[in-house]
Amino acid sequence: MANNGGTVIADKTKLEVLQFTGTATVVQTALRAAIANDDIIISCDTSRKKNSENITLTVVAIIA
């Protein structure tokens with residue numbers, strides 16, 4: 001089957017969905033702690049409730 005420009009996942013056991021909630025600084029620190037230099041982030045989405053400083057970051061990554 002052709003790849004057609006998509007992301008090839010060689011080992012599906014390394015595919016993870018991570019979610020972090022807090023202020024931007026807290027979320028950034030948690031993301032940096034959760035991933036390594038060779039990891040690949042496929043998707044990264046944020047959401048925030050109205051009138052709140054907290055954000056939720058959802059990351060789909062291949063953790064090496």
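Tutor: Two strands pair if DSSP finds at least two bridges between them. Helices (H or I, at least four residues) and strands (E, at least two) are DSSP runs, numbered from the N terminus. This is a predicted model: local features need pLDDT of at least 70, side-chain atom pairs count only at pLDDT 80 or more, and totals for chains, interfaces and linings use all residues. Residues are numbered from 1 along each chain as its sequence is written, and side-chain values use heavy atoms, with hydrogens and water left out.

Student: Which pattern does the protein chain follow along the sequence?

Tutor: Start with the tally: 1 helix and 3 strands. Read in sequence order, the pattern is β-α-β-β.

Student: How many bridges join β2 to β3?

Tutor: Strand β2 covers residues 40-48 and runs antiparallel to β3. Cys-44 in this pairing stands opposite Val-59 in β3. The number of bridges joining β2 to β3 is 8.

Student: Which residue in the turn of the β2 and β3 hairpin has a positive phi?

Tutor: The hairpin leaves 6 residues between β2 and β3. One turn residue has a phi of about 60 degrees: Asn-51.

Student: In which sense do β1 and β3 pair, parallel or antiparallel?

Tutor: Phe-20 stands opposite Leu-57 in β3. β1 and β3 share 8 bridges, and the sense is antiparallel.

Student: Which element gives the most to the largest nonpolar core?

Tutor: A nonpolar core is a set of buried Ala, Val, Leu, Ile, Met, Phe, Trp, Tyr and Cys residues joined through side-chain atoms within 4.5 Å; buried means under 20% relative accessible area, exposed over 50%, partly exposed in between (1.4 Å probe, protein chains only). The largest one has 9 residues: Leu-18, Phe-20, Val-27, Leu-31, Ile-55, Leu-57, Val-59, Ala-61 and Ile-63. β1 (15-22), α1 (24-34) and β3 (55-62) each give two or more. With 4 residues, the top contributor is β3.

Student: Which residues does Val-27 touch?

Tutor: Contact means heavy atoms within 4.5 Å. Val-27 belongs to the largest nonpolar core. Leaving out residues up to four places away in sequence, Val-27 touches Phe-20, Thr-21, Gly-22, Ile-55 and Leu-57.

Student: What share of the 64 residues is buried?

Tutor: In soluble globular proteins, nonpolar side chains tend to be buried together. For this protein chain, the buried share is 19%.

Student: What is the radius of gyration of the protein chain?

Tutor: The radius is taken over C-alpha atoms, and the globule rule is 2.2 Å times the number of residues to the power 0.38. The C-alpha atoms fill a box of roughly 45 × 25 × 15 Å along the principal axes. The rule gives 11 Å for 64 residues, and the chain is well over that, so it is more spread out than a compact globule, at 14 Å.
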